[in-house]
Each structure stands twice: as C-alpha cells, then as structure tokens.
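Subject: Structure for you to look at

Hello,

Here is the structure I said I would pass on. Please open it beside this email and read the two together.

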Amino acid sequence: APPPRPTPAAWMAMNRRLAPALALALASASSDLLAAATSAAAGRSLRAVTRDSDPTSTFDLSCYMEADPPLETGGAKGKSYRGLQAMTISGRTCQKWTEDHPWPEAVITAKADTRTKVDGKDVVEWGNGLGNHNYCRNPDQSMSEPWCYTMDPTEDHKKEICGVPKCAAATRDFGAEANTLAMEVGSTDCQCMDQLYGSTVTTRDTSVALAQGQGSGGGGGGGGGG
C-alpha cells in the first residue's frame, strides 16, 4: 500500500524546520557568487592598471640601439636590448639561455651591466643581458640585431633574429649645444665679452652678430682685391 500522505499540519511543520536551512544555503550561494564576481572584476581592473602603468608592459614593444649613444659602451647592434620579446621573426619560440636543449650553444655565461660615474655622469658598459629567461638578446654581437636560439630542432632554424624594431637615432639639441658653447666661451679670458654679449659700461648694443661679422670680413676682402 502507498505511504499515507502527510497532513497539511505536517507539511507546515516540515516547512518550518527546513526554512532556516534553505535560507542559509541560498545566502551562502549568493555570497559565493558575489565573491566570484567581485574577484573577476578586480582581476580585470588589475590587468587594466598593469597594462597602463606597469613599465615592463612597454618592453615587449621596445626597440634596440644600432649604435651606442653618448655615455654608453658595448651595447651596439642591440646588445643593450633588455626587452621581453621571446619569439623570432618567423614565430618560433626562443630557447632559454640557461638550458641546453635543443641547442647546447645557448648556455652562455651571463655578464652583468656596469654603471660608473665619470665627471658626475652615469656611464653604462653593457653586459650581455643573459639569465634564466628566453628573451631575445645579442650577447656576442654575432648578428646585426637581437636574436635567439629557437626551440625548433632543425638546423635551418637553430638561430634566428627576432625582428625587434630599431630605435630612432637621437636628434641633436642645437639650442642646448649653443648655450653650452656660450658658457664655455664666457668662462675663458678671451677679452671678447663686448663683442659676444654687449658692453657692460654703455647702454648701446655693441655685440657683433655672426652674419654682420662675416659680411664685414667679406667686404674687407673685396676692398683689398680692388
């Protein structure tokens, strides 16, 4: 025989007993969902902040120096490149510089960069930038730009360049150079202050412009020829 159906009073009593447990379970589930959503939002926010403010995020797109700029030595041909690109121009993954598979030649002793003070200025002598990583480098300047050993075991793709962009050549600041030259000339006893800067004992402009000086020299030469 089928079991007897519970009476309405029994249903009500059972619901009263289950209600607190059901409410607690629903509250716990809601809390877990809220925490998961908050964590995901925080992760997205953190990634956005990292992408926008972390200086290392620009290394993947950094460039290499073809020649050493002033105050740097040993970094030409991209030896000074310290970016995070780890893929060659053909799309192959670079081998770590501390591992010997598939190419034992990749294990090269690391040499650190050195920085010294010369006349109050920082001078950098670049090492080879190697370590426990697989980033593109040019440790021996054997190629004209950053390269790496690849994870491809075929000889034809043993060593490839990475296609890192070349840095634009630094432009000269002629204004700054002119100011520096003026300071150096002014610091010497050339007895030419009146001609360079104007007299200090009269309000009349006694300075001689470069074009004016050249014109005077040219005119003098013409007169001599006549």
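Below are notes on confidence and on two loop residues.

This is a predicted model, in which local features need pLDDT of at least 70, side-chain atom pairs count only at pLDDT 80 or more, and totals for chains, interfaces and linings use all residues. Residues are numbered from 1 along each chain as its sequence is written, and side-chain values use heavy atoms, with hydrogens and water left out.

The protein chain has a mean pLDDT (the predictor's confidence in each residue, from 0 to 100) of 74, and 54% of its residues reach 70 or more. Among its elements (DSSP runs numbered from the N terminus: helices are H or I, at least four residues; strands are E, at least two), strand 4 (residues 147–149) has the highest mean, 98, and helix 4 (residues 210–225) the lowest, 48. Residues 216–226 are below 50 and have zero contacts (heavy atoms within 4.5 Å) beyond near neighbours in sequence. Where pLDDT is low, the coordinates should not be read in detail.

Arg 137 sits in the loop between strand 3 (121–125) and strand 4. Arg 137 is buried (under 20% relative accessible area, 1.4 Å probe, protein chains only). Its side chain reaches the backbone oxygen of Gly 129 at 3.0 Å.

Asn 138 is found in the loop between strand 3 and strand 4, and is buried, with a relative accessible area of 1%. A polar atom of its side chain lies 2.8 Å from the backbone oxygen of Lys 77, and the side chain also reaches the backbone nitrogen of Ser 142 at 3.3 Å.

Regards

Terms used:
A polar contact is a pair of N or O atoms within 3.5 Å; within protein, one must be able to donate a hydrogen and the other to accept it, and residues adjacent in sequence count only if both atoms are side-chain atoms. Buried means under 20% relative accessible area, exposed over 50%, partly exposed in between (1.4 Å probe, protein chains only).
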